[in-house]
Amino acid sequence: MAFLQFIFFIFLVGIFFIAVFIYNVYINIHRTIKNVKDQMGGSGSYGQSSRQSSYSRRGSEENTSRANHRADGDVIYDQRSRKEANQKIFSKDEGEYVDFVEEK
């Protein structure tokens with residue numbers, strides 16, 4: 001009878017260690033997911049949160065200041081107007097398509 005109690009005790013200890021192992025795996029997975037979300041700036045639409053990019057208006061539509069808060073703590077301020085920020089930086093004679101000339 002004592003032998004069966006010993007086997008039962010070993011069985012319970014084994015189940016306990018398996019449960020602790022599964023719990024640790026579960027906690028590590030959730031900790032990793034939380035770290036990735038924190039590094040990506042939280043959860044929002046397409047990976048952006050309200051903390052990552054916030055816009056504050058000053059006056060009219062032309063005078064806007066944008067502050068981009070990055071996950072590493074850096075803050076990037078853009079003082080340009082919306083017209084300047086959305087303007088193309090290439091001249092009219094430069095296009096997106098280039099004529100290909102094959103060299104021989």
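**Entry 1: a pair of charged side chains**

I began with K34 and D38 in this predicted model, and I noted that these two residues stand four apart in helix α1, which means that about one helical turn separates them. I then looked at their side chains and found that they meet in a salt bridge, with 3.1 Å from N to O. I reminded myself that side chains of opposite charge can pair when their charged atoms come close. The distance fits the cut-off I was working with, because a salt bridge asks for a side-chain nitrogen of Lys or Arg within 4 Å of a carboxyl oxygen of Asp or Glu. I counted such bridges by this rule, and the count came to one. I also looked up how open D38 is to its surroundings, and I wrote down a relative accessibility of 38%, so D38 counts as partly exposed.

**Entry 2: aromatic rings**

How many aromatic pairs does a search of the whole structure find? I got one aromatic pair from that search. The partners are F16 and F17, whose rings lie 5.7 Å apart from centre to centre with 65° between their planes, and this arrangement is edge-to-face. I then asked myself whether F16 is buried or exposed. F16 has 52% relative accessibility, so I put it down as exposed, and F17, at 55%, counts as exposed too.

**Entry 3: a nonpolar patch**

Next I looked for nonpolar residues at the surface, and I found a patch of about 830 Å² made by M1, F3, L4, F6, I7, F9 and I10. I picked F6 for a further check, and I located it in helix α1, which covers residues 2-40. Its relative accessible area is 48%, so I recorded F6 as partly exposed.

**Entry 4: the whole chain**

I stepped back to list the elements, and I counted two helices and three strands, which follow the pattern α-β-β-β-α when read along the sequence. Of the 104 residues in the protein, I found that 8% are buried. For the accessible surface I noted about 10,100 Å², with 60% of it belonging to carbon and sulfur atoms. I also looked at contacts between residues at least 6 apart in sequence, and 6% of these join residues at least 24 apart.

**Entry 5: confidence**

Last, I looked up how confident the predictor is, and the protein averages a pLDDT of 76, with 69% of the residues scoring at least 70. Which element has the lowest mean pLDDT? I found that it is strand β1, residues 53-57, with a mean of 43, whereas α1 has the highest, at 93. I noted too that pLDDT stays under 50 over residues 44-61, a stretch for which the model has 28 contacts beyond four places in sequence.

Notes: Residues are numbered from 1 along each chain as its sequence is written. This is a predicted model: local features need pLDDT of at least 70, side-chain atom pairs count only at pLDDT 80 or more; totals for chains, interfaces and linings use all residues. Side-chain values use heavy atoms; hydrogens and water are left out. Patches are made of residues with over 30% relative accessible area and no salt bridge: like charges are joined within 9 Å, nonpolar side chains (Val, Leu, Ile, Met, Phe, Trp, Tyr) within 5 Å. Accessible areas come from the Shrake-Rupley method with a 1.4 Å probe; for residues, only the protein chains shown count as cover. Buried means under 20% relative accessible area, exposed over 50%, partly exposed in between (1.4 Å probe, protein chains only). Rings of Phe, Tyr and Trp (its six-membered ring) pair if their centres lie within 6.5 Å; planes under 30 degrees apart count as stacked, over 60 as edge-to-face and the rest as tilted. Contact means heavy atoms within 4.5 Å. pLDDT is the predictor's confidence in each residue, from 0 to 100.
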